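Let's take a walk through this one together. Have the sequence and the 3D view open, and follow along section by section.

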Amino acid sequence: MVEVTVTPQSSLADQPVRIRVRGLSPSQLVTLRAWLKDEQGERFQSRAFFRADGAGEVDPELHAALGGSYSGVWPMGLLWFLQPDTLFRRLVKRDVAGSPFRVRLEVFDGLCLGVDPKEQPLASCEAERWYVGPGVQRVPVREGRVRGALFLPP
C-alpha cells in the first residue's frame, strides 16, 4: 500500500518538513504534486517527477527530482515552487493568525502533467502551514502614517 507522509503534519511556514513516500515498487516512476487554495480560492500547485529507490521509497531530501516544477535535490521544493493556475497571481496570506494554508500532497503513478479529474492519486495527505505560532499575540500598529502589526511572543 502506497503512503505519503509529511512530518510534522502541522508546522510554521518557515519550518522545514520532511516529505516521504513509501510502498512503491522499486524504480517506479511517480509524480508528487502539492497544491493549495489561497483565501480567494485561487489554486497554487507544483509537481516533481521521481524514481523510487530499491526499497520503493521517495524522499525529496535524498532523491533528485527528474523534472516538473524543479529538478535536483530540493527537500522543500514542492512547497517552494508552488505556482498559480492563473498567471500573475501571488500567494499571499492575509489572515495569518486565524487559519493555516492547507497543502494537499498527492502521489500519482508515472508522469502526471495535467489535472485530469479522473486521475486518482495512489496516496495523499494534508499538511498545515501556519504563519503565527501558538500563543503569539498580534497587535495592530497605527502611528501617524505608519501602519503595521507587532507580533508578541507568548
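What follows goes from the overall layout to strands, rings, a pocket and a few backbone oddities.

## The big picture

First things first: this is a predicted model. The protein chain has 1 helix and 11 strands. Reading from the N terminus, the order is β-β-β-β-β-β-α-β-β-β-β-β.

The C-alpha atoms of the protein chain fit a box of roughly 60 × 35 × 25 Å along the principal axes. Of the 154 residues in the protein chain, 37% are buried.

## Start of the chain: β1 and its partner

Strand β1 covers residues 3–7, and its side chains alternate. Val4 and Val6 point to one face and are buried, while Glu3, Thr5 and Thr7 point to the other face and are not buried.

Which way does β1 run relative to β3? The two strands are antiparallel, with 5 bridges joining β1 to β3 (residues 18–22). If you want one contact to look up, threonine 7 has arginine 18 in β3 as its bridge partner.

Threonine 7 is also worth a look for its backbone. The peptide bond from threonine 7 to proline 8 is cis, with omega near -5°. Proline 8 itself sits in the loop between β1 and β2 (10–12).

## End of the chain: a hairpin

Now jump to β10 (residues 137–143) and β11 (residues 146–152), an antiparallel pair joined by 7 bridges. One of the matched positions is proline 140, whose bridge partner in β11 is alanine 149.

How many residues lie between β10 and β11 in this hairpin? There are 2, and glycine 144 in the turn has a positive phi of about 60°.

## Rings that meet

The structure holds 4 aromatic pairs. Tyrosine 70 and phenylalanine 81 make a stacked one, at 5.2 Å centre to centre with 15° between the planes. This pair links distant parts of the chain, 11 residues apart: tyrosine 70 is in the loop between β6 (67–68) and α1, and phenylalanine 81 is in the loop between α1 and β7 (83–84). Tyrosine 70 is buried, with a relative accessible area of 5%, whereas phenylalanine 81 counts as partly exposed at 25%.

Phenylalanine 101 and tyrosine 131 are arranged another way: their ring centres are 5.9 Å apart and their planes are at 80°, so this pair is edge-to-face. It too links distant parts of the chain, with phenylalanine 101 in strand β8 and tyrosine 131 in the loop between β9 (123–130) and β10, 30 residues apart. Phenylalanine 101 is buried, because its relative accessibility is 4%, while tyrosine 131 is partly exposed at 40%. Back around the helix, ring pairs link Tyr70, Trp74, Trp80 and Phe81 into a cluster.

## Charges over rings

Two basic side chains are worth pulling up next to the rings. Lysine 93 lies over the face of phenylalanine 101, at 5.1 Å from the ring centre. Arginine 43 lies over the face of tryptophan 35, at 6.0 Å from the ring centre.

## The largest pocket

The largest pocket has a volume of about 190 Å³. Its lining consists of Ala13, Leu36, Met76, Leu79, Trp80, Leu82, Leu91, Phe101, Val103, Arg129 and Tyr131. You've met some of these already: Phe101 and Tyr131 are in the lining, and they form the edge-to-face pair. Trp80, also in the lining, belongs to the ring cluster.

What classes of residue make up this lining? There are 10 nonpolar residues, no polar ones and 1 charged. Both α1 (77–80) and β8 (101–109) supply at least two lining residues each.

## Positive phi outside glycine

Two loop residues deserve a backbone check. Serine 27 has phi near 65°, a positive value in a residue other than glycine. You'll find serine 27 in the loop between β3 and β4 (29–37), and at 42% relative accessibility it counts as partly exposed.

Phenylalanine 88 is not a glycine either, yet it has a positive phi of about 70°. It sits in the loop between β7 and β8. Is phenylalanine 88 buried or exposed? It is exposed, because its relative accessible area is 82% and the cut-off for exposed is over 50%.

Key. Residues numbered from 1 in each chain as written. Heavy atoms only, no water. Pairing = 2+ DSSP bridges. Helix = DSSP H or I, 4+ residues; strand = E, 2+ residues; numbered from the N terminus. Buried < 20%, exposed > 50% of the residue type's maximum accessible area, 1.4 Å probe, protein only. 1 Å grid on protein atoms, 1.4 Å probe; cavity = no way out; pocket = protein on both sides within 12 Å on 5 of 7 lines; lining within 4 Å. Points joined across faces, edges and corners; volume = space filled by probe spheres on them. Nonpolar A, V, L, I, M, F, W, Y, C, P; charged D, E, K, R; others polar. Phe/Tyr/Trp six-rings, centres within 6.5 Å; stacked < 30°, edge-to-face > 60°. Lys NZ or Arg CZ within 6 Å of the ring centre and 35° of its normal.
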